Amino acid sequence: MQPINEMKLEFLSKSSNEAFARVAAAAFASQLDPTIEELADIKTAVSEAVTNAIIHGYENKPGIIKMICRLYERSIEIEISDEGKGIEDIEQAMQPLYTSKPDMERSGMGFTVMESFMDKVEVRSKPGEGTTVTLYKAFGALDKPMTGN
Amino acid sequence: MEIRFANRGSTLIASLTGELDHHFSEYARNKLERELFKATTRNVIFDLTGLSFMDSSGIGVLVGRYANIQKLGGKAAIICRNEKIKRILEISGVLKLMPLYEELDHAIKALLIA
């Protein structure tokens, strides 16, 4: 499927860019007229992926993070990649509460939050080469369950 | 992000405003920690109603502080009305450690009784 629009950003692995990246992704997604809820989901998931790239991928050393956003008719695909350390065991890294950095008060909930807020999360990684996280979300597609408030 | 503090007896109310992500987590941790170790503090209420954004970095900050509050024999509670933040608190298990309230008065009452 061909995207109807696409954008690509490259930025330094600085923590001040976490807010920049999530706001940029949400601003681009807003072309599809998503709900405020859906935009908040995107912001949260992007923030988690970019934070992982900074803390785990580059281990707080300088590096470049790439973010590609592709818009389809009613959905978005966001690819966030680093050329950092990579993940040895992806399955383990995605386990709720698993963290390789408990001393830094990391909660180990990053991937779980991404999976909870997006429709699909894919992780590709090679130790020593880097990691790419792809987030997918469809807008207003399904009948959303009522939350009761 | 900003944190303001108020006291109600031995209960410290920490009101967080703005966005709590990894970038601000160290600032939040240090600021909360300094206040927590004051002798007047026993219980702590984290008022998150002013937060417009929080991701899992915020969980690390809250759980880390909770551990210290507990060591000092205190209790903690959270006030939050933002559905997204509530979901993160819920899936990460934070609500098993600290009860969630929508109103400050309810949280204060609950900490007094408990």
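**Exercise 1. Describe the sheet of chain B: its strand order, its pairing and its edges.**

In this predicted model, where local features need pLDDT of at least 70, side-chain atom pairs count only at pLDDT 80 or more, and totals for chains, interfaces and linings use all residues, chain B holds an open sheet of 5 strands in the order β1-β2-β3-β4-β5, with mixed pairing. Residues are numbered from 1 along each chain as its sequence is written, while chains are lettered from A and ligands numbered from 1 in the order in which they are written.

Step 1 fixes the terms. Helices (H or I, at least four residues) and strands (E, at least two) are DSSP runs numbered from the N terminus, and two strands pair if DSSP finds at least two bridges between them.

Step 2 concerns the edges. β1 (2-8) and β5 (100-101) of chain B each have a single partner strand, so one side of each is left without a neighbour in the sheet.

Step 3 turns to one pair of strands. Strand β2 (residues 11-20) of chain B runs in the parallel sense to strand β3 (residues 43-54) of chain B, with 9 bridges between them; Glu19(B) has Phe53(B) in β3(B) as its bridge partner.

Step 4 adds a helix. Helix α1 (residues 22-36) of chain B packs on the sheet and touches β1, β2 and β3 of chain B, its direction making about 170° with that of β2(B). Contact here means that the C-beta atoms of two residues, placed from the backbone, lie within 7 Å; axes are lines fitted to C-alpha atoms, for helices over the stretch in contact, and angles run from 0 to 180 degrees between N-to-C directions.

**Exercise 2. Work out the strand order and the edges of the sheet in chain A.**

Step 1 is the order. The open sheet of chain A has 5 strands arranged as β1-β2-β3-β5-β4, with antiparallel pairing.

Step 2 is the edges. Here β1 (5-12) and β4 (120-126) of chain A have a single partner strand each, and therefore one side of each lacks a neighbour in the sheet. Direction ignored, neighbouring strands of this sheet are turned by 10° against each other on average.

Step 3 follows one edge inward. β4(A) pairs with strand β5 (residues 130-138) of chain A in the antiparallel sense over 7 bridges, and Val123(A) has Val133(A) in β5(A) as its bridge partner.

Step 4 places a helix. Helix α1 (residues 17-29) of chain A lies across β1, β2 (64-71) and β3 (75-82) of chain A, and runs at about 175° to β1(A).

**Exercise 3. Characterise the packing of α2(A) and α4(A).**

Step 1 gives the geometry. Helix α2 (residues 36-57) of chain A packs with α4(A) at an angle of about 155°, their axes being 9 Å apart. That makes α2(A) roughly antiparallel to α4(A), given that angles under 35 degrees count as roughly parallel, over 145 as roughly antiparallel, 65 to 115 as roughly perpendicular and the rest as oblique.

Step 2 gives the hand. The crossing of α2(A) and α4(A) is left-handed, a term used if the near helix is turned anticlockwise from the far one by less than a right angle, with right-handed for clockwise.

Step 3 lists residues. α2(A) contributes Asp41(A), Thr44(A), Ala45(A), Glu48(A), Ala49(A), Thr51(A) and Asn52(A), and α4(A) contributes Gly110(A), Val113(A), Met114(A) and Phe117(A). The residues of this contact divide into 5 nonpolar, 4 polar and 2 charged, where Ala, Val, Leu, Ile, Met, Phe, Trp, Tyr, Cys and Pro count as nonpolar, Asp, Glu, Lys and Arg as charged, and the others, Gly among them, as polar.

**Exercise 4. Analyse the contact between the two chains, including the crossing of α4(A) and α3(B).**

Step 1 counts residues. The contact takes 20 residues from chain B and 20 residues from chain A.

Step 2 assigns the side of chain B that touches chain A. The elements giving two or more residues to this side are α1, α2 (56-71) and α3 (83-91) of chain B, and α2(B) gives the most, with 7 residues. The residues on this side divide into 6 nonpolar, 7 polar and 7 charged.

Step 3 examines one helix pair. The axes of helix α4 (residues 110-117) of chain A and α3(B) come within 11 Å and cross at roughly 130°, which makes α4(A) oblique to α3(B); the crossing is right-handed.

Step 4 names the residues of this pair. Thr112(A), Val113(A) and Ser116(A) in α4(A) meet Arg87(B), Ile88(B) and Ile91(B) in α3(B), and these residues divide into 3 nonpolar, 2 polar and 1 charged.
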